[in-house]
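The points below are offered as a colleague's note for a reader who is meeting this structure for the first time. They are best read with the structure in view.

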Amino acid sequence: MTEKDTEKIIRDHLIGKKIQKIEFYDYNNLYLVFDPEHQWVVDFCIYIELNEGFIMYYFDGENECVEFSTEKNIEDIDPEGNAQALGAFDIQGLKILQGKEITDIHFRWSFYRLLDESFELTEKKYYLPTEMILVFENGHRLQIASVQYAIDKKTKKMINIEYDLVGELLVTLFNDFHKG
């Protein structure tokens with residue numbers, strides 16, 4: 001799929017829809033909190049339930065990179081049931097998005113290529129968003145990105161943040177992180 005094809009699928013699925021629930025799923029039964037009401041990091045899955053359908057942004061172990069789905073459910077991507085729902089909608093910062101309509105989406109893109117049977121890269125590129133910023137009717141923004149980062153030992157803040165398809169899932173409310 002091209003970047004434009006992938007963007008169309010996501011836009012068609014999200015624009016004009018309202019958030020019903022947001023959930024984090026992880027195997028470790030925890031997520032990192034860099035700002036209790038604005039910034040979190042999850043290893044496995046972010047699930048967004050809409051008034052019509054849902055979207056998941058998750059780490060796909062088979063392809064070893066992040067992926068999104070508007071069709072698979074959590075049981076499809078975690079058939080053993082090892083991932084735990086972490087109660088993300090208990091966070092007041094996320095709960096304020098309930099019932100809010102998504103009016104726009106901004107993307108940052110990357111791609112990956114598969115290996116053939118000779119372990120050579122195939123020509124076909126698979127485009128995926130490394131960042132989606134959902135814009136809501138009330139002006140709030142929700143950033144969902146796949147990143148690699150370090151933690152400053154003194155400040156306990158994220159540093160050296162890089163967008164990466166094999167990274168962890170960063171969720172930021174209101175404040176976008178823009179590299180560069």
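1. Strands E1 and E7 run antiparallel and are joined by two bridges. Within this pair, Tyr-25 stands opposite Ala-85 of E7. The model is a predicted one, and each point in this note should be read accordingly.

2. On its other pairing, E1 meets E4 in the antiparallel sense, over six bridges. Glu-23 has Tyr-47, in E4, as its bridge partner. Strand E1 covers residues 19-26 and is mostly covered, with six of its eight residues buried.

3. These pairings belong to an open sheet of five strands, in the order E6-E5-E4-E1-E7, with antiparallel pairing. The edge strands are E6 and E7, the latter at residues 84-85, and each of them pairs on one side only. As general background, the strands of a sheet pair through backbone hydrogen bonds, in either a parallel or an antiparallel sense.

4. Further along the sheet, E4 and E5 also pair antiparallel, over five bridges. Here Ile-48 is placed opposite Ile-55 of E5. Both isoleucines return in the next point, where they help to line the largest cavity.

5. How many cavities of 30 Å³ or more are there? The count comes to one, and the largest cavity holds about 40 Å³ of space. Its lining consists of Leu-14, Ile-46, Ile-48, Ile-55, Met-56, Tyr-57, Met-132, Leu-134 and Ile-144. Strand E4 (45-50), strand E5 (54-60) and E9 are the elements that give two or more residues to this lining. The most comes from E5, which gives three residues. By class, the lining has nine nonpolar residues, with no polar and no charged ones.

6. Tyr-57 deserves a separate remark. This residue is located in strand E5 and is among those that line the largest cavity. Is Tyr-57 buried or exposed? Its relative accessible area is 3%, and because the cut-off for burial is under 20%, Tyr-57 counts as buried. Its side chain reaches the backbone oxygen of Pro-129 at 2.4 Å. Between the C-alpha atoms of Tyr-57 and Ile-9, which are 48 residues apart along the chain, the separation is 14 Å.

7. The largest pocket should be kept distinct from the cavity described above. About 310 Å³ of space lies in this pocket. It is lined by 13 residues, of which Met-1, Glu-67, Phe-68, Tyr-126 and Leu-128 are the closest to its centre. Helix H1 (3-14), strand E6 (65-69) and strand E9 (126-136) each give two or more residues to the pocket lining. The lining residues divide into seven nonpolar, four polar and two charged.

8. On the cysteines, a search of the whole structure finds zero disulfides. Cys-45 is in no disulfide, and the nearest cysteine sulfur, that of Cys-65, is 14 Å away. Why do Cys-65 and Cys-45 not form a bond? Their sulfurs are too far apart for one, at 14 Å, since a disulfide requires the two sulfur atoms to be within 2.5 Å. As to accessibility, Cys-45 is buried at 0%, and Cys-65 is likewise buried, at 3%.

9. A separate pairing concerns strand E10 (residues 141-151) and strand E11 (residues 158-163), which pair in the antiparallel sense over four bridges. Ile-151 stands opposite Met-158 in E11. Six residues lie between the strands of this hairpin, in which Lys-156 takes a positive phi near 65°.

10. Two further residues have a positive phi and may be checked in the model. Glu-64, although not a glycine, has a positive phi of about 55°. Glu-64 is placed in the loop between E5 and E6 and is exposed, with a relative accessible area of 55%. Asn-160, also not a glycine, has a positive phi of about 50°. The place of Asn-160 is in strand E11, where the residue counts as exposed at 58% relative accessibility.

Conventions. Residues are numbered from 1 along each chain as its sequence is written. This is a predicted model: local features need pLDDT of at least 70, side-chain atom pairs count only at pLDDT 80 or more; totals for chains, interfaces and linings use all residues. Side-chain values use heavy atoms; hydrogens and water are left out. On a 1 Å grid over the protein atoms alone, a cavity is a set of points where a 1.4 Å probe fits but cannot get out, and a pocket is an open set with protein on both sides within 12 Å along at least five of seven lines; lining residues have an atom within 4 Å of a point. Grid points are joined across faces, edges and corners, and a volume is the space filled by probe spheres set on the points. Ala, Val, Leu, Ile, Met, Phe, Trp, Tyr, Cys and Pro count as nonpolar, Asp, Glu, Lys and Arg as charged, and the others, Gly among them, as polar. Two strands pair if DSSP finds at least two bridges between them. Buried means under 20% relative accessible area, exposed over 50%, partly exposed in between (1.4 Å probe, protein chains only). A polar contact is a pair of N or O atoms within 3.5 Å; within protein, one must be able to donate a hydrogen and the other to accept it, and residues adjacent in sequence count only if both atoms are side-chain atoms.
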